[in-house]
Amino acid sequence: MVKKICLLVLFVSLRGLCHAQSSSDYSYLKNEIDIGIGGPTSIRYGDELWFDCAAASTSIRLFHYLKRNLAVGGSLGYAWGRRGVGEDWYDYWEGNVHHEVQVTLDYRYYNSIYLMGGAKWAYVNNKCFGMYMRGEIGLQRQHFWYDGPYNLGGTYDLSEVKAAVQLSPIGIEGGIKNLHLFVEIGYGMEGIFNAGLSYRFGK
């Protein structure tokens, strides 16, 4: 019973604090800078779309609020990943025990630098808590290459410029004063999951 009362008091206190600050100063902080890391990212190699690879991205974003619920801006980021090429079984004896281990022979590596612009729409936007969606589109420079002792990929090396897209229909942020933590769920250059720090400034 005491625990329930304490939780209720805490909830009411936080709700009152957010309500008191939601419409006064926070809505007039026009600029936002985000630093995030996400993954797994979608990687398109020719006609292939890689899902079975280790891939991630990191980015810095800057947005300017035109009004309380609408901001425009962009992202500058770097994505990287690798994918195994070819597998074999390696067996050995350890005393009287026989072991078989599956090993990856070579790796296909990937990195990308991307620049995107877009918009952010806030469902909820106050000093303690926010919910939003974000969409961006732009360009990326991809680089693929092989590396490994068996050289299955030969001397393959490819660089190309392609479209870059990120759509995050659900984003949640929360914190104190101008500094928030955020988590997003989406698809594209910055990953299915994206998280980081957000800072508001400038009246």
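## A first salt bridge

Lys162 and Glu160 form a salt bridge, with their closest N and O atoms 3.7 Å apart. Glu160 has a relative accessibility of 22%, so it counts as partly exposed. The structure shown here is a predicted model. This pair is a simple place to enter it.

Why can two such side chains pair? Side chains of opposite charge can do so when their charged atoms come close. A search of the whole structure finds nine salt bridges. Several of them are taken up again below, after the overall layout.

## Overall layout

The protein has 203 residues. Its secondary structure consists of one helix and ten strands. The order is easy to remember. Starting at the N terminus, the helix comes before the strands: α-β-β-β-β-β-β-β-β-β-β.

How many of the residues are buried? The share is 36% of the 203 residues. The exposed area of the protein is about 11,900 Å². Carbon and sulfur atoms supply 66% of that area. Contacts also reach across the sequence. Take those between residues at least 6 apart: 62% of them join residues at least 24 apart.

## A charged network

Now back to the charged side chains. Arg134 is a good starting point. Its side chain meets that of Glu136 in a salt bridge, at 2.5 Å from N to O. Both Arg134 and Glu136 are buried.

Arg134 also forms a salt bridge with Glu184, and here the closest N and O atoms are 2.7 Å apart. Glu184 lies in strand β9 and Arg134 in strand β7, so this pair ties together parts that are 50 residues apart in sequence. Glu184 and Arg134 are both buried. Salt bridges that share partners join Asp34, Arg61, Arg134, Glu136, Glu184 and Glu190 into one network.

## Around Glu184

Glu184 deserves a second look. It is found in strand β9. At 1% relative accessibility, it is buried, because buried means under 20%. Which side chains make polar contacts with that of Glu184? One is Arg134, at 2.7 Å. Another is Ser168, at 3.2 Å.

The surroundings of Glu184 include further residues. Leaving aside residues up to four places away in sequence, Glu184 touches Arg61, Tyr132, Arg134, Ser168, Ile170, Gly171, Ile192, Phe193 and Asn194. Two of the names in this list, Arg61 and Arg134, also belong to the salt-bridge network.

## Two more buried residues

Arg200 is found in strand β10. Is this residue buried or exposed? Its relative accessibility is 1%, so Arg200 counts as buried. The side chain of Arg200 makes a polar contact of 2.8 Å with the side chain of Glu32.

Lys127 sits in a loop, the one between β6 and β7. Its relative accessible area is 8%, so Lys127 is buried. Lys127 and Gly174 are 47 residues apart in sequence. In space, their C-alpha atoms are 8.0 Å apart.

## The nonpolar core

Which residues make up the largest nonpolar core? It has seven: Ala79, Tyr110, Tyr114, Met116, Phe144, Ala164 and Met189. Strand β6 gives the most to this core, with three residues.

Ala164 shows how one core member is surrounded. Apart from residues up to four places away in sequence, Ala164 touches Tyr114, Met116, Glu136, Ile137, Gly138, Leu139, Gln140 and Met189. Among them, Tyr114, Met116 and Met189 are members of the core too. Glu136 is part of the charged network described above.

## A nonpolar patch on the surface

Nonpolar residues also gather at the surface. Trp121, Tyr123, Val124, Phe129, Met131, Ile170, Ile172, Ile185, Ile192 and Phe193 make a nonpolar patch of about 850 Å². Which elements give two or more residues to the patch? They are β6 (97-125), β7 (129-147) and β8 (157-176). The largest share, three residues, comes from β6.

Ile192 is one of the patch residues. Where is it placed? It lies in the loop between β9 (179-188) and β10 (193-201). Ile192 has a relative accessibility of 34%, so it counts as partly exposed. Ile192 is also among the residues that Glu184 touches. So are two other patch residues, Ile170 and Phe193.

Key: Residues are numbered from 1 along each chain as its sequence is written. This is a predicted model: local features need pLDDT of at least 70, side-chain atom pairs count only at pLDDT 80 or more; totals for chains, interfaces and linings use all residues. Side-chain values use heavy atoms; hydrogens and water are left out. Helices (H or I, at least four residues) and strands (E, at least two) are DSSP runs, numbered from the N terminus. Buried means under 20% relative accessible area, exposed over 50%, partly exposed in between (1.4 Å probe, protein chains only). Contact means heavy atoms within 4.5 Å. Accessible areas come from the Shrake-Rupley method with a 1.4 Å probe; for residues, only the protein chains shown count as cover. Patches are made of residues with over 30% relative accessible area and no salt bridge: like charges are joined within 9 Å, nonpolar side chains (Val, Leu, Ile, Met, Phe, Trp, Tyr) within 5 Å. A salt bridge is a side-chain nitrogen of Lys or Arg within 4 Å of a carboxyl oxygen of Asp or Glu. A polar contact is a pair of N or O atoms within 3.5 Å; within protein, one must be able to donate a hydrogen and the other to accept it, and residues adjacent in sequence count only if both atoms are side-chain atoms. A nonpolar core is a set of buried Ala, Val, Leu, Ile, Met, Phe, Trp, Tyr and Cys residues joined through side-chain atoms within 4.5 Å.
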